[in-house]
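This report goes through the contacts in the model shown below. It takes the protein chains and then the DNA strands.

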2 protein chains.
Amino acid sequence: MATPDSRTLILDAAERLFAERGFARTTIKEIGRAAGVNSALLYYYFADKDRLYRAVLQRLVGRLVARTTRRLEATGTPQARLQAFVEAQAEVLIANPNLPRLIVRELAESDAVHAVEQIQHIAATSFRLLCDLVREGQQAGAFRKGVDPRFAAISIVAQVAYFFVARPAIRVILDAAPDGPAPPVVRAYARHAAGFALAALAVPPTGPSAPRSRRKT
Amino acid sequence: MATPDSRTLILDAAERLFAERGFARTTIKEIGRAAGVNSALLYYYFADKDRLYRAVLQRLVGRLVARTTRRLEATGTPQARLQAFVEAQAEVLIANPNLPRLIVRELAESDAVHAVEQIQHIAATSFRLLCDLVREGQQAGAFRKGVDPRFAAISIVAQVAYFFVARPAIRVILDAAPDGPAPPVVRAYARHAAGFALAALAVPPTGPSAPRSRRKT
DNA sequence: GTCTATAGGTGGATAGAC
DNA sequence: GTCTATCCACCTATAGAC
């Protein structure tokens, strides 16, 4: 608890408000009020509204990447690592509910106004590790070939990411509470998503009569 | 080309700008300029900026739902219908590149500021049809049981939706042009996504003494 | 239907006291 | 470090001529 300093109070309040209302609809004065400090103080810690926003994004994205890449680099079968990745992704998003909303807002911008380059770069890092995992799994015979590893990686990430992004719609489908499905439901979905991906990538049993004569591409 | 009327010119310009920059960052004057009319004229056709935005959303969402539900209601095997749905989803998003950006922005809002209820409702309509399709497929023995149909529907929609939403990140993964992957790549991905879902839902061969292996198309 | 001109309000940012 | 007070730019929306 030890007295969070004003800078942290401001970052916390800004994170919440930016996630809820977006950058433009959030005013400096609102952030100051929510943080319990005077709005002029924001300019003591941050050069302007834009840099405050960047600082918020940086803090959040750092957490995400640290947690998910750690799982990907762990040892184990490709299947186990893939499952761990999907579940880690869900845990990070459960723990930081503001993250998906903010990232999605950034992704929706076509011009690189704010921190898109940063997100692109980091997304690429985490993403590429996942691509490699799929590729390695294919070479090791754990995943079926004939699936583009990049496409597979997109499919895998998409399942969980979309679940959080489309929360208002998901809520309707699952008859969940106003603020979205409870963590146990989210975890159940994450397990489903991992299973869905593993089933999609599973090596098909070679038919009893014509196993090896057919060779696909 | 028969002289698009001012109202349509305004809607077109507004759609593009809202999608590119978001609601708040787009000014009435910019829209007027882009439409080639005076900004005061917007208030002749629309009560205020908010209602203009709603009109833009309505036009777009209408197209999306019309196209995708039509595919779901078509006849055929569950597998064929699912595939048609996924590819139709991709086609609509290719044809209306502004749609995913706008919808995503709406979904990111936590308070129902603009047209979230509408999107929720329509998403639920389209979504529920997909749930039903999966459920029917399971009962007919075409899809494996033990997968929650609602979860499966989310996984299916997520793959294509996320592809468009996360365009800036996808671009990096696929080494695509600045304005995203070309339509042929998108279609290839859509086929992958359909295949990924069908493989994930395929009925596993029952045990070693089972009927001969199934080959999906 | 379309324009000019402008009122009215809000928000980001700064100056400077304490 | 934190606050009060305020400036200035900009944007929505309206009044009213043509």
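How many residues does the contact take from chain A and from chain B? The contact takes 59 residues from chain A and 58 residues from chain B. The model is a predicted one, and the values that follow are computed from it.

**The contact between the chains**

Chain A and chain B bury about 5,000 Å² between them. Carbon and sulfur atoms carry 70% of that area. Salt bridges between chain A and chain B number 0, whereas 7 residue pairs are in polar contact across the interface, with both residues at pLDDT 80 or more.

On the side of chain A that touches chain B, the elements giving two or more residues are α1 (6-21), α6 (98-108), α7 (116-139), α8 (149-165), α9 (167-174) and α10 (183-201) of chain A. The most comes from α8(A), with 13 residues. By class, this side of chain A has 40 nonpolar, 8 polar and 11 charged residues.

**How the copies are related**

A turn of 180° with a shift of 0.1 Å along the axis lays chain A on chain B, and the RMSD is 0.1 Å. The two copies are therefore related as by a two-fold rotation axis. In chain A, the C-alpha of Ala200(A) is the one nearest the axis, at 2.0 Å. Both copies use the same surface: 97% of the contact residues of chain A recur in chain B.

**DNA strand D**

Which residues are closest to DNA strand D? They are Asn38(A), Tyr45(A), Ile28(B), Tyr43(B) and Lys49(B), out of 15 residues that surround the strand. Of the atoms of DNA strand D within 4 Å of the protein, 70% are in sugar or phosphate, and the rest belong to bases.

Phosphate oxygens of DNA strand D lie 2.9 Å from a backbone N or O atom of Asn38(A), 2.7 Å from an N or O atom in the side chain of Tyr45(A) and 3.0 Å from a polar backbone atom of Ile28(B). The elements that give two or more residues to the surface near this strand are α3 (42-45) of chain A and α2 (28-35) of chain B. That surface has 8 nonpolar, 4 polar and 3 charged residues.

**DNA strand C**

DNA strand C is also surrounded by 15 residues, and the closest are Ile28(A), Tyr43(A), Lys49(A), Asn38(B) and Tyr45(B). Sugar or phosphate accounts for 72% of the atoms of DNA strand C within 4 Å of the protein, and bases for the rest.

A polar backbone atom of Thr26(A) is 3.4 Å from a phosphate oxygen of DNA strand C. For Lys49(A), a polar side-chain atom is 3.0 Å from a phosphate oxygen of the strand. For Tyr45(B), an N or O atom in the side chain is 2.8 Å from a phosphate oxygen of the strand. Here α2 (28-35) of chain A and α3 (42-45) of chain B are the elements that give two or more residues to the surface near the strand. The residues of this surface divide into 8 nonpolar, 4 polar and 3 charged.

The phosphate contacts described above are listed here.

| Residue | Part of residue | DNA strand | Distance to phosphate oxygen |
|---|---|---|---|
| Asn38(A) | backbone | D | 2.9 Å |
| Tyr45(A) | side chain | D | 2.7 Å |
| Ile28(B) | backbone | D | 3.0 Å |
| Thr26(A) | backbone | C | 3.4 Å |
| Lys49(A) | side chain | C | 3.0 Å |
| Tyr45(B) | side chain | C | 2.8 Å |

Definitions and conventions:
Residues numbered from 1 in each chain as written. Chains lettered and ligands numbered in written order. Heavy atoms only, no water. Near = heavy atom within 4 Å. Polar contact = N/O pair within 3.5 Å; in protein donor to acceptor, adjacent residues only side chain to side chain. Helix = DSSP H or I, 4+ residues; strand = E, 2+ residues; numbered from the N terminus. Nonpolar A, V, L, I, M, F, W, Y, C, P; charged D, E, K, R; others polar. Least-squares fit on C-alpha atoms with pLDDT ≥ 70 in both. Contact = heavy atoms within 4.5 Å. Buried area = accessible area lost by both parts, 1.4 Å probe. Salt bridge = Lys/Arg side-chain N within 4 Å of Asp/Glu carboxyl O.
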